[in-house]
Amino acid sequence: MAEKKELTVSDLPGVGPSTAEKLAAAGIDTLLAVAVSSIGVLTEEAGVSDSVARKMIQAARDMLDMGFETGDVILEKRQKVNKIKTGSQSFDEIMGGGFETGAISELFGEFGSGKTQVAHQLAVNVQKPEEEGGLNGKVIYIDTENTFRPERIIQMATGAGLDPNVCLKNIKIARAYNSDHQMLLAEKAEDLLKEGTYKLLIVDSLTAHFRAEFIGRGTLSERQQKLNKHMHTLLKVADMYNCCVIVTNQVMAKPNVMFGDPTQAIGGHIVGHSSTFRIYLRKGKKGSRVGKLVDSPNLPENECMFFVNESGLNDKEL
Ligand code: ADP
Ligand code: MG
């Protein structure tokens, strides 16, 4: 997929200077960004008609020689996938070595199950050198519930042998005040990701605002549509920038259901289908945490057990 240098968004059919400007303002400033965009997004952002949007996407794909890729190219892409270790060997094992770049991983579970703890730990661990299970990377943290705690980062950084001050400086945090703001922040994240130094994007919580704002059946499909668009943005940045995306999703306890699918997550199948990895977290015996990997494309369904200590995630109780 060699992007020809001389071609830009302005070379697409139907793209004059003002359309190009609108697209750029929406962060769609490369052929690849157009190629992986949707008709709905282009009509909305650039004010072009459906048929022009369709032609633009098709032309961008043609120029980029997208479409079918041979197996060796996919293999090459897979080899670029990096993994962030969690601090717990047991957790890393069920993830096939750690949390992958180029994918969305969804942490879901009840309130207090440890979703935010895992997110904080990965925000620290991604900063470690590669030989220690990190990616030498910086972090973008979209905080929707005001649960980001710098004090906790300091504890975990100290536990990981990193300089806590440097660690905090490498995390860019944005509070999202509502779902629209959250979606905008995810789009803005691209500006940072273009620098190439950010390797992890966290959205904690992915679904809280959507849940609060869209109550009642009449608005459910609108919620799903917006959530779908949001996930699309996240999937795009994961893919384009080989970035690890982690989202959290609170689920309700279902005490009357003993068996079956513990995935009554907000957003239901839309979140589920866009996430490459889904990890169900719950409290285990003796203060432990249990993580269960469910419906992942290439890893078996499996459970791990870990602990959350003062210094962070661990295989042992302190
Ligand atoms: P969720 O985001 O799933 O609602 P959290 O990740 O906030 O849940 O988990 C909160 C739990 O994490 C606390 O109940 C506590 O058990 C554990 N925890 C938080 N901070 C610490 C700490 N400094 N040391 C040990 N455990 C902690
Ligand atoms: Mg939380």
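Visitor: What does it take for a residue to count as near a molecule, and which residues are closest to ligand 1?

Guide: A residue is near a molecule if one of its heavy atoms lies within 4 Å of it. In this predicted model, 14 residues surround ligand 1. The closest of them are Gly-112, Lys-115, Thr-116, Gln-117 and Arg-289.

Visitor: Which part of Gln-117, side chain or backbone, has a polar atom 2.8 Å from an oxygen atom of ligand 1?

Guide: Let's start with two other residues. Lys-115 has a side-chain N or O atom 2.8 Å from an oxygen atom of ligand 1, and a polar side-chain atom of Thr-116 also lies 2.8 Å from a ligand oxygen. For Gln-117, the polar atom at 2.8 Å belongs to the backbone.

Visitor: Which element gives the largest share of the shell around ligand 1?

Guide: Elements that give two or more residues to this shell are α7 (115-125), α8 (150-159) and β10 (302-309). The largest share is three residues, and it comes from α7.

Visitor: How much space lies in the largest cavity?

Guide: Searching the whole structure for cavities of 30 Å³ or more turns up one. The space in the largest cavity is about 160 Å³.

Visitor: Which element gives the largest share of that cavity's lining?

Guide: The lining has 13 residues, and those closest to the centre of the cavity include Ile-28, Val-41 and Glu-187. Domain 1 (9-63) and domain 2 (77-314) each supply at least three lining residues. Two or more come from each of α3 (39-46), α10 (179-193) and α12 (220-240). The largest share, four residues, belongs to α12.

Definitions and conventions. Residues are numbered from 1 along each chain as its sequence is written. Chains are lettered from A and ligands numbered from 1 in the order in which they are written. This is a predicted model: local features need pLDDT of at least 70, side-chain atom pairs count only at pLDDT 80 or more; totals for chains, interfaces and linings use all residues. Side-chain values use heavy atoms; hydrogens and water are left out. On a 1 Å grid over the protein atoms alone, a cavity is a set of points where a 1.4 Å probe fits but cannot get out, and a pocket is an open set with protein on both sides within 12 Å along at least five of seven lines; lining residues have an atom within 4 Å of a point. Grid points are joined across faces, edges and corners, and a volume is the space filled by probe spheres set on the points. Domain bounds come from an automatic or database domain assignment. A polar contact is a pair of N or O atoms within 3.5 Å; within protein, one must be able to donate a hydrogen and the other to accept it, and residues adjacent in sequence count only if both atoms are side-chain atoms.
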